[in-house]
Amino acid sequence: MGSMNWERRGRATANGAAALLAGVAAIALSALSAHAQQAMQPAGKQPDQSKKTDQEKATPAGATLLDKILVLSRTGETAIESLASASHVDQEQLDRRMATTPNEMLFGVPGVAAQADARRVSTSINIRGLQDFGRVAVIVDGARQNFQRSDHGTQSTFYIDPELVKSVDVIRGPVANTYGSGAIGGVVFFDTKDAQDFLKPDETWAGSVTGRYESNGKGWTSSASGAYRVSENWEVLGNIVYRDYDNYKDGDGDTVNGTGFDVLSGLLKTTIRPTENSELKLGWVGSSDGWDETSGGVPVNDIDLKSNTFTARYNITDEDKSWLDLHINTSYNKTNLGLTSLVPQNRFDPVSGLPVVLPAGSQSTFDVGTAGIDIWNTSRFETGGIAHELTYGGDWVGDNVKTGGAAGGDSFYTPSGKRNVSGAYVQDKLTWDWLEVIAGLRYDSYSLKDATHDISGDRLSPRVTVGVSPFESAGLAGLQFYGTYAEGYRSPSITETLISGNHPAGVSFPFLPNPNLRPETGKTTEFGVNYKQNDIFEAGDALRLKAAYFNNDVDDYIDGVTLSPFAPGSGCPFGPGIPICFQYQNFAKARINGVELEGVYDAAWGYAGLSASITNGHTVSYKGVEADLATTPSSQVTAQLGLRFLEDKLTVGGEVQYNGKPKGNAVATDYTLVNAFASYQATDDLKVDFRADNLFDVKYANPLNGGTTVAVYEPGITLKLAATMRFGG
């Protein structure tokens, strides 16, 4: 898809997007004008409108996020009920954030940071200082996202367009033993939209179109959705999104080269209910991205990335969900990245380490396929007055990595190979009056191989959680304390184990494979509190609060190290280039601890939210030498306030987020962001959204993107305006 095609397609689609937005915006302005005229009429002459009952007025719109059931919960818990650090982001929040990237979808979620370099089209999620190579399980509709490309900065990346997502669930720490192997940092689950999110109960079909403009980077987004009810038990949905963005400007008004992109994304999903107690969801999510990679501000590579995820999810229960609540999920994700050199580049041969010239037009390819199956059942019963929710199942994920291209191209440093990871588990959630106990055990095994290596390993990982609700008085009845000890197991990735060859550019030095890497074992202790209370200051209001302290020791932590050929036993050979080698090696451990807070107060007039997280981390060598953990994120405090007017049709508010510099980061600084937003539901079928990000034009860099001397600055002030028109029948 070269850069010339990118520009042509971008201009053509931008014109179409402009026309779409102009049309929808004109309708919106007409509706607003009509509403204003209506408001100016005498009260007796205004058209009749349906009035909310007193009960509806007293009930907070949407209650609170912490009351929403977690999609990834295997026992149907809400976030506030979960004896773990869990968060939920729903459709209303996603709409309010007007997110362009996954990073923006996760704004303010405690303990979670996202690393995306200037390109912005791919993202790596960090939870409690852990990221890359599967430490955080990123799941889209049940499908693991395991794409990885060796590079400076992010290693394991994924892309999902926010327009296709209806909710995001996050579980922090290795307590998620039932959600797959390797997630010693946590799990992030993106659930895409369904036909029922568009169709009203009496409709056979429905559709919507959205047009959006962003001032910084002159970004255009066009989105169209269509849903159809084939029968009472069968619906289908299609969604297509196109984004076209130029380079953005940072807080000083300087253009950040290489930040423009265009991306076409789509979603197809069908939901079939064969019986009253069963459901089958078949889905496809895909994207086609294009951008230029720069060096010294000059485009040097044209990137074409295509990602396709196919999922099938089946659930069947007995009449009252007692002994049978069976889920069978299968998935396949394929990501193909093609890199084409735009200019001749001075490189080094991956085998000899000698200088070579990579001609313009040279190509490198990265193809990663991930297949998975996940089967579990939950049985619910009682013994001696104790309620049990017994969950048992197993899962398998297989990665197939194929890379290739010209000598000196980047693909040689992301090795080809195959890895299979599987596991089985059993977990019992016992509830008796004021006491709740969760006991689980997971077995993991893995195998990893290429033409010359065949490596395997296995382990048992336990989890024990105890929760107590000791109070019965009105003000304290919703207070719950819990403590957890949990372990998780992450096998080494293909790249960490098999990377080889010589550094491709700048200077030459060898990468050394390490087939003797030991898997990582995360051992977390967590203490937390949940609190929920209703009708505090007025009828229908709600207060929800979650707070936790955690300590995570990751034994045999894997990180890259620089070796010297002069050090005895280093295994680093003398050769062309500078006298060093790079290799992934085990450390004795990484020690990470911190605190997290998430709270929200919701009432008829609006809501107020506060979240915070402080994370500290360092590595410890086998000789006891401590060093700062490079992936430690900023400490954050985020405050949110929203006010509702005009019978909840208009919501206005703002967000303030303070970010504290991580210890040991050479380029990071403290910074504070201020955002504002407004959303107006003009009619049942027309909605207008406005948002201002980085209102005070602060120049800042994501500390996760900082190297030793270089910072990639984030966008300055960005104004967003969108209009969505819905129709159906």
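Leaving aside its neighbours within four places in sequence, which residues is Asp553 in contact with? They are Thr521, Gly522, Lys523, Lys589, Ala590 and Arg591. Asp553 sits in strand β26, and we come back to it below. First, a word of orientation: this is a predicted model, with an average pLDDT of 87 across the protein. The secondary structure is mostly a matter of strands, with 36 of them and five helices.

**Confidence**
- A pLDDT of at least 70 is reached by 89% of the residues.
- Residues 1-62 are the stretch to treat with care, as pLDDT stays under 50 there. For that stretch the model has 82 contacts beyond four places in sequence.

**Overall build**
- The protein has 729 residues, and 55% of them count as buried.
- Take the contacts between residues at least 6 apart in sequence: 66% of these join residues at least 24 apart.
- The accessible surface comes to about 29500 Å², and carbon and sulfur atoms account for 60% of that.

**Nonpolar cores**
- In soluble globular proteins, nonpolar side chains tend to be buried together.
- Here the largest nonpolar core has 29 residues. Met105, Ile125, Ile160, Val168, Val170, Val188 and Phe190 have the most contacts inside it.
- Two or more residues of this core come from each of β3 (124-127), β4 (136-140), β6 (165-172), β7 (186-192) and β10 (234-245).
- Ile125 gives a feel for the packing: beyond four places in sequence, its contacts include Leu106, Val112, Ala113, Leu130, Val136 and Val138. Phe158, Val188 and Phe190 are also in contact with Ile125, and so is Gln131.
- There's also a second, separate core of 20 residues, with Phe147, Val368, Val401 and Ile455 among them.

**Cavities**
- The count comes to nine cavities of 30 Å³ or more, and the largest has a volume of about 800 Å³.
- Lining that largest cavity are 42 residues. Asn103, Glu104, Phe107, Leu673 and Tyr700 are the ones nearest its centre.
- Several elements each supply at least two lining residues: α4, β2 (112-115), β30 (606-620), β33 (650-660), β34 (671-683), β35 (686-693) and β36 (718-728).

**Positive phi**
- Most residues other than glycine have a negative phi, which makes the next two worth a look.
- Met98 has a phi near 50°. You'll find Met98 in the loop between α3 (91-97) and α4 (102-105), and it counts as buried because its relative accessibility is 4%, with the cut-off set at under 20%.
- Asp535 is the other case, with a phi of about 55°. Its place is in the loop between β25 (520-534) and β26 (542-555).

**Two buried polar residues in strands**
- Back to Asp553 in β26: at 18% relative accessibility, Asp553 is under the 20% cut-off and therefore counts as buried.
- Thr651 belongs to strand β33, one of the strands that help line the largest cavity. Its relative accessible area is 12%, so Thr651 is buried too.
- Not counting residues up to four places away in sequence, Thr651 touches Leu643 and Arg644, along with Phe677, Ala678 and Ser679.

Key: Residues are numbered from 1 along each chain as its sequence is written. This is a predicted model: local features need pLDDT of at least 70, side-chain atom pairs count only at pLDDT 80 or more; totals for chains, interfaces and linings use all residues. Side-chain values use heavy atoms; hydrogens and water are left out. pLDDT is the predictor's confidence in each residue, from 0 to 100. Contact means heavy atoms within 4.5 Å. A nonpolar core is a set of buried Ala, Val, Leu, Ile, Met, Phe, Trp, Tyr and Cys residues joined through side-chain atoms within 4.5 Å. Buried means under 20% relative accessible area, exposed over 50%, partly exposed in between (1.4 Å probe, protein chains only). Helices (H or I, at least four residues) and strands (E, at least two) are DSSP runs, numbered from the N terminus. Accessible areas come from the Shrake-Rupley method with a 1.4 Å probe; for residues, only the protein chains shown count as cover. On a 1 Å grid over the protein atoms alone, a cavity is a set of points where a 1.4 Å probe fits but cannot get out, and a pocket is an open set with protein on both sides within 12 Å along at least five of seven lines; lining residues have an atom within 4 Å of a point. Grid points are joined across faces, edges and corners, and a volume is the space filled by probe spheres set on the points.
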